[in-house]
Amino acid sequence: MKTLFANITVILALILPFSAFGQRLTVSLLCPDTARCVYLYQMWGESQTLTDSAQQNTTTGKYEFHHADNLPTGLYNLRSGKRNAFIILNDAEKKIELSFCFNNPVQTMKVTRSTENAVYYDFMRVNEGLWKAIGALEAAVVRYPPNEAFFDTLAQKYHRLQNERLQMIEDVQRLYPGSYVAKIASTYRTPFLNAHWNRTTRNKVMREDFFYDIDMGDTMLLRSDAYIEKAVRYMELYMDPDDSYAVLQQELTSAIDKILAATSANRQVFAFMLEYLTSVAAEYHFNGILEHLSENWMTADCNDPSESRLQTRIQGYQQLSIGTQAPSFAVRDRDGNVMTLEKIPAEYVLIIFYVSTCSHCRQLMPNLVEKRRKMPENKLEIIAVSIDEDLEEWEHYISTNDFEWINVRETKGWDGAVASSYSIFSTPTMFLLDKNRKIIAKPNDWRELEEAIAPKPPERGM
């Protein structure tokens with residue numbers, strides 16, 4: 001801790017007077033590297049937008065970025081292939097010079113010009129070391145008998161490292177008030193845990209105090225992944241690998257409610273987190289969570305059209321409940337043949353909406369192929385409705401897989417006629433219909449589908 005910011009004074013002396021010609025970022029790679037070009041991405045949560053690129057100067061070996069107008073203050077991502085390093089750009093620092101190795105930027109970063117980045121990487125290095133040490137000690141104090149003499153030694157060091165970490169965060173905020181690195185550092189604050197507490201108490205404190213003394217309404221942090229990382233770490237407190245699917249949804253619903261409550265003071269941050277959490281629930285097909293978000297957190301008169309549209313879709317999906325008649329439609333398959341829902345000669349029809357780039361869809365589809373082949377003829381027909389926007393991508397996916405069912409594509413994507421009539425808001429989404437084309441199940445996976453079409457045992461008489 002004593003040497004954490006020792007080099008800052010030297011760096012401050014090297015900072016040149018502000019330039020009147022925008023920003024200049026100079027990057028040097030320490031490791032032998034064949035990267036001809038380095039790319040700069042602007043961050044907005046998990047989303048990243050390519051902002052600039054720089055080719056290696058054949059004379060100096062450096063990469064130089066020049067921006068006539070200052071880029072917005074935030075966390076940026078320098079990338080070369082799959083390797084990356086995060087940096088801070090701000091309005092005040094017109095010249096930034098740094099060097100690092102893409103294989104391990106946190107440990108190799110050397111900042112020549114830029115107080116923000118020097119402090120940021122000093123903080124990240126020390127925090128990484130402390131976090132690993134605290135985690136190792138935590139595993140020990142949880143398992144070590146508290147009545148043994150050595151337990152007190154473990155507890156003292158465990159408490160000392162936690163206090164050291166919290167003090168480091170406070171030092172950054174005190175020494176660099178209002179800076180972007182101070183904002184990021186504040187989100188790393190976690191509750192102090194007493195070594196003598198049992199697992200139940202520790203988990204309770206973490207859940208209740210996780211957002212204590214943290215500003216979750218700072219819109220500047222939207223230009224980073226800080227809020228996303230904080231939300232992910234919080235949701236992990238509610239995830240138990242032994243929980244059933246239903247229990248996991250209930251637990252995560254509680255976590256999501258507290259995350260949204262913590263961000264509710266700022267409408268922009270709240271909308272950002274609501275969109276992110278909704279996308280996570282949709283990706284993992286947590287329909288119960290999506291329904292909860294629609295009923296409790298989305299407003300019908302919301303000014304955000306995407307939020308209002310999503311709410312309409314979720315409510316429409318809810319209305320397609322078990323026992324209701326499935327919306328009728330006629331589609332053309334890949335060969336141009338018109339297929340109507342009512343004329344499909346099968347006892348059951350499974351409609352699956354998917355996107356070929358969706359990882360969960362790619363996991364599900366091969367299982368559907370394998371299981372359907374084992375079923376009697378005309379037992380189950382599958383209509384696979386693609387929402388792919390890229391025609392070539394969909395055709396490649398279909399041609400490289402042996403899908404022996406009806407393949408169709410919505411030419412208007414999510415706004416296509418069939419997807420709209422079934423209120424699709426996530427993929428994969430499945431509807432199982434009986435011979436009368438009524439909805440009898442909305443399975444999340446093949447296991448639930450098998451259960452829905454399995455022969456029911458005869459009811460016993462009284």
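Which residues does E116 touch, not counting residues up to four places away in sequence? Keep that one in mind while you get your bearings.

**Before you click**

You're looking at a predicted model, where local features need pLDDT of at least 70, side-chain atom pairs count only at pLDDT 80 or more, and totals for chains, interfaces and linings use all residues. Residues are numbered from 1 along each chain as its sequence is written, and side-chain values use heavy atoms, with hydrogens and water left out.

**Stop 1: the whole protein**

Zoom out. The C-alpha trace spans about 80 × 65 × 45 Å along its principal axes. Switch to cartoon view and you have 15 helices and 15 strands to explore. Those are DSSP runs, numbered from the N terminus: helices are H or I with at least four residues, strands are E with at least two.

Of the 462 residues, 49% are buried. Buried means under 20% relative accessible area, exposed means over 50%, and partly exposed is in between (1.4 Å probe, protein chains only). Now try a surface view: the protein exposes about 23900 Å², and carbon and sulfur atoms supply 50% of that. This area comes from the Shrake-Rupley method with a 1.4 Å probe; for residues, only the protein chains shown count as cover.

One more overall number: take contacts (heavy atoms within 4.5 Å) between residues at least 6 apart in sequence, and 64% of them join residues at least 24 apart.

**Stop 2: E116**

Select E116, in helix α3 (residues 115-143). Here's the answer to the opening question: E116 touches I88, N90, E93, S179, Y180 and V181. Show N90 as sticks, and you'll find a polar contact of 3.2 Å between its side chain and that of E116. A polar contact is a pair of N or O atoms within 3.5 Å; within protein, one must be able to donate a hydrogen and the other to accept it, and residues adjacent in sequence count only if both atoms are side-chain atoms. Then look at V181, whose backbone nitrogen lies 2.9 Å from a polar atom of the E116 side chain.

What about charge? E116 is buried yet has no salt bridge, and the nearest side chain of opposite charge, K183, is 9.2 Å away. For this count, Lys and Arg are positive and Asp and Glu negative, while His and the chain ends are left out. A salt bridge is a side-chain nitrogen of Lys or Arg within 4 Å of a carboxyl oxygen of Asp or Glu.

**Stop 3: salt bridges**

Go to K183 next. Its side chain meets that of D218 in a salt bridge (2.7 Å, N to O). The pair links distant parts of the chain, 35 residues apart: K183 is in helix α5 (residues 180-186), and D218 is in the loop between α6 (199-209) and α7 (226-236). Both D218 and K183 are buried.

The whole structure has 17 salt bridges. For another one, select R447 and E451, whose side chains meet at 3.1 Å, N to O. They both lie in helix α15 (residues 446-453), four residues apart, about one turn of the helix. R447 counts as partly exposed at 47% relative accessibility, and E451 counts as partly exposed too, at 49%.

**Stop 4: helix α13**

Select residues 391-399, which make up α13, and colour W394, Y397 and I398: these are buried. Why are they on the same side of α13? Because they cover an arc of only 95° around the axis, judged by the directions from the helix axis to the C-beta atoms. The buried residues of α13 pack against β11 (348-354), α12 (359-373), β12 (380-386) and β13 (406-409). Turn to the face away from the buried side and you'll meet the exposed residues E392 and H396.

Now check the N-terminal end of α13, which D390 caps: a side-chain oxygen lies 3.0 Å from the backbone nitrogen of E392.

**Stop 5: E410 and A419**

Select E410, in the loop between β13 and α14 (417-421). E410 counts as buried, at 8% relative accessibility. A polar atom of the E410 side chain lies 2.6 Å from the backbone nitrogen of A419.

Finish on A419, which lies in helix α14. A419 counts as buried, at 0% relative accessibility. Leaving out residues up to four places away in sequence, A419 touches several others, including R313, F353 and W414. Add R313 to the view: A419 and R313 are 106 residues apart in sequence and 9.9 Å apart in space, C-alpha to C-alpha.
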